[in-house]
Amino acid sequence: MVDLEYLKKSPFEKFWFNFVNFFKGLPSGIASFFKAIPKKLYKLWLAFAGIFLTVGRAAKDGDWKTRASFGIMGFGLLARKQYLRGAVYLLFEVLFILYMSFFGWKYLVKMGSLGEIACVEEWDDALGSFTYKFYDNSLLILLYSLLTLFIAAAFVYVWYQNVKGSLISQEFTEAHAALPTVKDDLRSYANENYHKSLLSVPMLGLVVFTVLPIFFMVFIAFTNYDKAHMPPQELFSWVGVDNFVTLLGGGVSANSKIFAYTFGEVLLWTIVWAFFATFTNYILGMIVAIMINKKGVKFKKLWRTVLVITIAVPQFVSLMFMSQLLADQGLINNLLLKWGLIDKAVPFLTDGTFARVTIIIVNVWIGIPYSMLICTGILMNIPEDLYESARIDGAGPVRAYMKITLPYMLHVTTPYLITQFIGNLNNFNVIFLLTGGNPSTLDMQFAGKTDLLITWLYKLTVSESQYGIASVIGIFTFIIVAVLSLVLYNRSKSVKNEEEFM
Amino acid sequence: MEKKKYKSKKAGETIALVLIYAVLIVISLVWLIPFFMLVILSFRGEAVGVSADYLFPKQWSFGNYVKLFTETKFPVWYGNTMLVSSVVTVLQTVIVLMTSYALSRLRFKMRKPLMNVMLILGMFPGFLSMTAVYFVLKEINLTQNLFGLILVFTASSAMQYYICKGFFDTIPKSLDEAARIDGASRHTIFVKIILPLAKPIIIYTILTAFIAPWGEYMFTSFIMLGDPDKFTVAVGMKSWLDNPTLAGDYFTVFCAAAVVVSIPITALFIWLQRYYVEGITGGSVKG
């Protein structure tokens, strides 16, 4: 389309044009994402090259003090009277060497095999019974060797910083410039280095409790860690991509077939659920908000408060209570039976299809207050004269909604919708507390009809100890979420930047 | 002619309004009735379990509440949850504020990459990492321990910087610049200028941080597996419902517990509602 033609359109047509284009552009969006990867890699390579260049320069141009800091970290700084930073580097090196020699190294060397002997049974004459001696624990080997790799990476980074620091202080001295004193260094942590002071603790927590565990589980996906291979009694070992093959249906055993089938079913339901859960809440919440906001409707605050009160009651309480009310023997069924409205109990949560519909409806009940609140704020920002002119042109309320309200809302709340969609893909509480993934079925491996990937993952881990397979499911979930959101975010950003709505 | 048309339009408006009122009343009922039922059931004196076919109790009594606080572990769970939420609230608020300020106001080389990494980390299903976290905690003897739970809840709170950063972004940069010219350090600006302006978002962060541990089931149940003395209310109350021998008897006790849990949170929520609404509406549309 020519630009001029595009500009001639009304804002709503423009939005629809963009909206349709958005879906048309999805495949190319995915393609361009992958096309961008080489460029990113090249950039990364440049960054690495920069590191090597600096180190090379330090080796070539550095004086003996700088060169000495290749081996003794912080030497160059200490020799130039930057005591604090020099001492910190030196201390770090000492700690690293101690860590490696007393702890890290012995785990790191076993990473390839994940241990040789797990546990030996020995007859103990004194006790008159067998005693168990535990040797290698695959789990700890994997965990600690990963930790060691992380620490080693940190060491390499700090080492590079030390070389760079020495070189800079050498250049400062040669140029007869004043080197920053200890006091200056400390002061910089409230100023130009303030981000380091602020972020070090949050990032440390993130690395130890999020990044390291994620790496660990990604590695676990390539092992046969399950009930039959439980440390410390047994070892587990590397099995390559077997778990991935099993889950994708490439395996030969019956077990593999059933896993693959379950994965397909659960994945499909997860996506269906996320779609309906997001859009029913959104559209219905918006309609409620519009009704409350309509001119002439009284007690606006009252209606809003009624809904907000329901947010305030903790979600888990409402969900568990609902699961009790809707049970086969629950109050709702019993009341309906007593009043003669039904002949036998409605299987709200015990029949596959029924349960799925019930879950979506209960989720609407839980979610509408939130989406109502969000929509209310935005609805008030839509200029009144748009509706005025629509009315003059003879548009009814439905038409005005379709042509003004909905496009505007979609435009403004796209990021919210995306986060909601992704949140629903991983919505553990609603499913687990309502149905626990049930009704269960024999067709599926450890999963019920309403299980999402995340609740299946939970069951496989907590009750079945199928860690290997569970990790693969987690990785697949990540890939799905990541691809969807990267593409959606990129597209929505471009839609937004192209031209602001109105 | 003209007048008639006007009148019919007015009639249409009235019908629309009546319809809207009708729908709103129905909605309010649908939304509130379950909570009334919850409260009413908690006062039921007779032990007929889940399968009774009437709502209003034959005997009104406080028996369930008495039982709740004398015969069950509920007081312990309540204390646990209160302790965990309070500590998590303080730590998480501090961490979120520090991270958001750094990412919003300071410019450093790793800023963009850091935000991207956190975005990607957020896409991993949280439970995936749970096994590893469990073994990390086990190594430092913090499983079945409330401090372990606090550690897990706070350790990754940096990832919740998003909404708070959005708020900081809206505070004019000229304030910082003026203070810089007057010789204030970054730290002074953060503590003396930005934080006092950030009251709404601080309250929002506190509110969400406080409520989260009350409803969290997945991590808590895994870390506290097998030790009922360390449960939080969500895990404990679910354990009643999961236990087939208890479920029937404990249904009304469960309702009483639900009421007791809801009261402080509802009160807090209604009190601070304004900030909560500002938080979610502000954070959700900025993108």
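**Exercise 1. Work out which residues of helix α6 of chain B are buried, and what they pack against.**

Solution. Start with the list: B:Gly148, B:Leu149, B:Ile150, B:Leu151, B:Val152, B:Phe153, B:Thr154 and B:Ala155 are the buried residues of α6(B). The yardstick is a neighbour count: buried takes 20 or more other C-beta atoms within 10 Å of a residue's own, exposed takes 12 or fewer, and partly exposed is in between, with C-beta atoms placed from the backbone. Helices here are DSSP runs of H or I, at least four residues long (strands are E, at least two), numbered from the N terminus.

Next, put that in proportion. The helix covers residues 146-155, and eight of its 10 residues are buried, so the rest of the structure largely encloses it.

Last, find the partners. From chain B, the buried residues pack against α3 (74-105), α5 (130-139), α10 (199-215) and α11 (218-223); from chain A, α9 joins in. Contact means that the C-beta atoms of two residues, placed from the backbone, lie within 7 Å.

A word on the ground rules: this is a predicted model, where local features need pLDDT of at least 70 and side-chain atom pairs count only at pLDDT 80 or more, while totals for chains, interfaces and linings use all residues. Residues are numbered from 1 along each chain as its sequence is written, and chains are lettered from A and ligands numbered from 1 in the order in which they are written.

**Exercise 2. Walk the loops on either side of α6(B) and sort out B:Asn141, B:Gln144 and B:Tyr161.**

Solution. Take the loop between α5 and α6 of chain B, where B:Asn141 lies. Its phi is near 55°, a positive value in a residue other than glycine. B:Asn141 has 10 other C-beta atoms within 10 Å, so it is exposed.

B:Gln144 sits in the loop between α5 and α6 of chain B too. Not a glycine either, B:Gln144 has a positive phi of about 50°. With 16 other C-beta atoms within 10 Å, this residue is partly exposed.

Now cross to the loop between α6 and α7 (162-170) of chain B, home of B:Tyr161. Here the count is 25 other C-beta atoms within 10 Å, so B:Tyr161 is buried. Leaving out residues up to four places away in sequence, B:Tyr161 touches B:Val96, B:Thr99, B:Ser100 and B:Leu103. Try one distance as well: B:Met118 is 43 residues from B:Tyr161 in sequence, and their C-alpha atoms are 9.6 Å apart.

**Exercise 3. Describe how chain A meets chain B, then pick out one helix pair.**

Solution. Begin with the totals: chain A puts 76 residues into the contact and chain B 69. On the chain A side, helix α9 (residues 194-220) gives the largest share, 17 residues. That side has 54 nonpolar, 20 polar and two charged residues. For these classes, Ala, Val, Leu, Ile, Met, Phe, Trp, Tyr, Cys and Pro are nonpolar, Asp, Glu, Lys and Arg are charged, and the others, Gly among them, are polar.

Then zoom in on α13 (residues 315-325) of chain A and α12 (residues 233-242) of chain B, whose axes come within 11 Å and cross at roughly 5°. That makes α13(A) roughly parallel to α12(B). Angles under 35 degrees count as roughly parallel, over 145 as roughly antiparallel, 65 to 115 as roughly perpendicular and the rest as oblique. The axes are lines fitted to C-alpha atoms, for helices over the stretch in contact, with angles from 0 to 180 degrees between N-to-C directions.

Who touches whom? A:Phe316, A:Met320 and A:Gln324 meet B:Ala234, B:Met237, B:Lys238 and B:Leu241. By class, that gives five nonpolar, one polar and one charged.

**Exercise 4. Characterise the packing of α11 against α17 in chain A.**

Solution. Get the geometry down: α11 (residues 254-293) and α17 (residues 397-425) of chain A pack at an angle of about 140°, with axes 10 Å apart. So α11(A) is oblique to α17(A).

Finish with the residues. Among those making the contact are A:Trp273, A:Tyr282 and A:Met286 of α11(A), and A:Met409, A:Phe421 and A:Leu425 of α17(A). The contact divides into 10 nonpolar, five polar and no charged residues.

**Exercise 5. Locate the cis peptide bond at A:Pro439.**

Solution. The bond joins A:Asn438 and A:Pro439, with omega about 0°. For its place, look in the loop between α18 (428-434) and α19 (453-462) of chain A, where A:Pro439 is found.
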